[in-house]
Amino acid sequence: MAVVARDGETGVAAGASRPAAATRLLASRLFVSMAGLDWLAKVWWTCLSISLFAGLWELCWAMGWADEKLLPPPHIFLDNIAEQGKYFNTATRWQVGSSMTEGPSAFESVLITGAATTARVFAGLVLASVLAIGIGVLVRYYRFFDRLVLPTITLLSPVSPIAWLPVAIFLFGIGNAPAIFMVVVALFFHMVLATINQIDTVNTNLINVARTMGASKPQIYTRVIIPAILPGMLQVLRMNLFGAWMVVLVAESTGVGYGMGQVIMLARNTFNPSLVFFTIAVIGVLGFTFDWLLRLAQRRILYWLPDTAERLRGL
Amino acid sequence: MASDNAPHFSSRDAVVCRGVGKTWAAGTKRAHEALREIDLDIKPGEFVVFLGPSGCGKSTLLYLIAGLEDATDGAIWSFGDKVETPSPERSLIFQETSLFPWLTVWQNVSFGLAIRGAAQEERRAVAAEALQRVGLIAAMDKRPDELSGGMRQRVAVARALAMRPKVLLMDEPFAALDVQTRARMQDFLLDVWRDSGASVLFVTHHIDEAVALADRVVVFTSRPGRIKTIFPIDLPRPRNLFSREAEAMRIQLTELLRDEVDRAFAEQEGFAVPA
Ligand SMILES: Nc1ncnc2c1ncn2[C@@H]1O[C@H](COP(=O)(O)OP(=O)(O)O)[C@@H](O)[C@H]1O
Ligand SMILES: [Mg+2]
């Protein structure tokens with residue numbers, strides 16, 4: 001056929017019109033060196049950004065503008081991790097019959113407490129996503145379900161998660177469950193509405209292609225609609241990640257559970273600014289890492305999306 | 001309204017439209033009539049181009065023939081069967097890319113087989129054959145966003161061909177391509193058409209394209225779309241598009257279309273022009 005020889009020319013067109021694709025191709029060839037350089041640059045800028053912030057703070061302290069009893073600079077609150085660490089992992093440390101010197105070391109305590117909070121955020125996110133995407137799809141799949149549940153969901157979605165706090169305590173008492181419940185409640189309603197919105201904006205052509213090929217309704221949902229809404233849903237998930245972190249701290253700090261929020265509360269009650277800033281730093285690192293992992297997962301799951309971060313650079 | 005009971009047509013015709021009309025959002029305030037009284041017979045293996053000002057209902061008619069939308073008046077038959085639902089026998093190719101971005105080229109092409117639960121080897125073999133026909137076998141394992149616009153439309157054609165359709169419906173498939181690529185795609189489409197033996201219904205608003213491709217050109221009026229005239233292009237193939245006959249036909253089609261475009265413009269500017 002006459003078209004066989006045309007790949008060269010169209011290939012060039014592809015390169016010209018799709019710089020992202022071309023770059024990716026190049027990147028995959030030079031994978032090791034390119035990725036390594038990129039990564040190094042990113043780490044460098046991150047360190048620079050944080051150092052700048054910390055440096056300004058230290059400067060304020062050195063000039064005497066910041067009182068170290070109220071706003072202790074990083075070198076002070078990071079200095080005695082061992083000292084700070086003993087406030088973490090209170091659950092095991094304060095068990096009846098165990099002394100202050102028993103149990104995990106200070107560093108381990110920080111890790112355990114951080115991991116507990118992170119696990120709650122993670123469990124909440126997973127539960128909320130599964131529930132919300134499931135319900136959102138059902139709403140569009142079955143009309144009666146739409147009419148039955150959508151009004152309630154719409155009604156409840158503007159309610160602040162804080163309002164659910166007493167409910168969490170009534171229902172689950174103390175422990176992991178109420179904190180996870182708070183995360184789920186904070187995300188669920190928005191995510192259902194976001195799912196429905198995503199489904200409604202799926203490109204009609206894609207659905208019509210599947211229909212002309214004889215796809216049934218369940219097949220259209222599983223093979224077209226679900227993959228088509230995934231990018232948007234992961235975006236929604238990332239946006240809600242920070243919301244989840246806020247809520248989990250509130251839940252923990254009001255005695256619903258134990259964890260980072262509880263440490264913050266302890267620091268407040270014992271007037272310990274160093275502990276506050278230390279905890280904030282730990283939470284920052286945890287949240288940052290979580291978001292980074294989610295972005296990594298996003299790139300893995302959504303391998304087909306072009307990288308659009310560079311789109312506005314040329315302006 | 002045309003009656004279903006006594007259709008006067010051959011059951012071997014690829015597509016038959018009798019008194020077809022479509023009113024979008026019928027019965028609501030936003031109701032507007034897109035098509036009226038379409039009567040059309042398309043033979044197996046025929047290449048028919050729909051030409052008309054934009055908004056006159058060409059896409060709407062393709063959707064009706066594909067079975068993706070229901071006609072509000074009249075009825076459509078394909079090879080003797082009434083069109084009620086979409087069917088793999090009538091493949092539709094869209095103007096914008098309609099490849100699934102999360103699937104590779106070959107998975108896109110064999111999507112219809114996957115729907116039917118075919119095994120992976122069979123799907124890959126069918127995809128390879130279809131991609132061979134569009135000259136893209138080398139791109140088999142690529143993803144759609146790694147291809148140029150022209151290549152993507154060729155993959156879309158391969159996907160349609162993999163279903164072995166009897167009718168290929170194409171809604172301005174080359175409109176987004178540059179002029180050079182478009183000319184090559186037209187040659188390519190003619191090759192595919194000859195090999196497959198399918199009827200092609202091809203929507204365009206380019207007169208050049210109509211003269212290059214069609215056995216017959218169906219010229220539509222502005223909205224609501226009716227058939228203004230059916231214009232045969234009896235030039236031998238392969239066509240010399242610079243011949244005097246071809247030029248004469250382009251001029252005739254331009255004149256046929258001009259009134260309708262004027263009318264469409266006037267309507268858009270708010271002047272009611274009596275039909
Ligand atoms: N899905 C739809 N819902 C409502 N109106 C539509 C829809 N598709 C097309 N129309 C309307 O029908 C008319 C004809 O549209 P279309 O068939 O797309 O024209 P063409 O393809 O000839 O440009 C236009 O007025 C358009 O707004
Ligand atoms: Mg159209």
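The following exercises, each with a worked solution, concern a predicted model.

**Exercise 1. The build of chain A**

Task: Determine how many helices and strands chain A has, and state what percentage of its residues count as buried.

Solution:
- Step 1. Begin with the secondary structure: chain A contains 14 helices and 0 strands.
- Step 2. Confirm this along the sequence, where the pattern reads α-α-α-α-α-α-α-α-α-α-α-α-α-α.
- Step 3. Turn to burial. Chain A has 315 residues, and 39% of them count as buried.
- Step 4. Consider the contacts between residues at least 6 apart in the sequence of chain A: 68% of these join residues at least 24 apart.
- Step 5. Finally, examine the surface. Chain A exposes about 17,900 Å², of which carbon and sulfur atoms supply 71%.

**Exercise 2. A salt bridge between two helices**

Task: Identify the helices that hold A:R238 and A:D291, and decide whether A:D291 is buried or exposed.

Solution:
- Step 1. Establish the link: the side chains of A:R238 and A:D291 form a salt bridge, with an N to O distance of 2.9 Å.
- Step 2. Locate the partners. A:R238 belongs to helix α12 (residues 217-253) of chain A, and A:D291 belongs to helix α14 (residues 273-301) of chain A. The two residues are 53 residues apart, and the pair links distant parts of the chain.
- Step 3. Classify A:D291. Its relative accessible area is 9%, and buried means under 20%; therefore A:D291 is buried.
- Step 4. Place the pair in context: the whole structure has 19 salt bridges over all chains.

**Exercise 3. Two salt bridges in chain B**

Task: For the salt bridges B:E33 to B:R36 and B:R194 to B:D191, give the distances and classify B:E33, B:R36 and B:R194 by accessibility.

Solution:
- Step 1. Take the pair B:E33 and B:R36, whose side chains meet at 2.8 Å, N to O.
- Step 2. Compare each residue with the cut-offs: partly exposed lies between under 20% for buried and over 50% for exposed. B:E33, at 27% relative accessibility, is partly exposed, and B:R36, at 35%, is also partly exposed.
- Step 3. Take the pair B:R194 and B:D191, whose side chains meet at 3.2 Å, N to O.
- Step 4. Explain the spacing. Because B:R194 and B:D191 are 3 residues apart in helix α6 (residues 179-196) of chain B, about one helical turn separates them.
- Step 5. Classify B:R194. Its relative accessible area is 52%, so B:R194 is exposed.
- Step 6. Note a further arrangement, in chain A: A:R140, A:D146 and A:D200 are joined into one network by salt bridges that share partners.

**Exercise 4. The surroundings of ligand 1**

Task: Describe the shell around ligand 1 by class of residue, and find which element supplies the largest share of the shell.

Solution:
- Step 1. List the neighbours. Among the residues surrounding ligand 1 are B:W24, B:H32, B:K58 and B:R223.
- Step 2. Sort the shell by class: 3 residues are nonpolar, 6 are polar and 2 are charged.
- Step 3. Assign the shell to elements. In chain B, β2 (32-42) and α1 (58-66) each supply at least two residues. The largest share, 3 residues, comes from α1(B).
- Step 4. Inspect individual distances to oxygen atoms of ligand 1. A backbone N or O atom of B:G55 lies 2.6 Å from an oxygen atom of the ligand. A polar side-chain atom of B:S59 lies 2.5 Å from a ligand oxygen atom, and a polar side-chain atom of B:T60 lies 2.5 Å from a ligand oxygen atom.
- Step 5. Conclude with coverage: on its own, ligand 1 has 560 Å² of accessible area, and the protein covers 64% of it.

Notes
Residues are numbered from 1 along each chain as its sequence is written. Chains are lettered from A and ligands numbered from 1 in the order in which they are written. This is a predicted model: local features need pLDDT of at least 70, side-chain atom pairs count only at pLDDT 80 or more; totals for chains, interfaces and linings use all residues. Side-chain values use heavy atoms; hydrogens and water are left out. A salt bridge is a side-chain nitrogen of Lys or Arg within 4 Å of a carboxyl oxygen of Asp or Glu. Helices (H or I, at least four residues) and strands (E, at least two) are DSSP runs, numbered from the N terminus. Buried means under 20% relative accessible area, exposed over 50%, partly exposed in between (1.4 Å probe, protein chains only). Contact means heavy atoms within 4.5 Å. Accessible areas come from the Shrake-Rupley method with a 1.4 Å probe; for residues, only the protein chains shown count as cover. A residue is near a molecule or strand if one of its heavy atoms lies within 4 Å of it. A polar contact is a pair of N or O atoms within 3.5 Å; within protein, one must be able to donate a hydrogen and the other to accept it, and residues adjacent in sequence count only if both atoms are side-chain atoms. Ala, Val, Leu, Ile, Met, Phe, Trp, Tyr, Cys and Pro count as nonpolar, Asp, Glu, Lys and Arg as charged, and the others, Gly among them, as polar.
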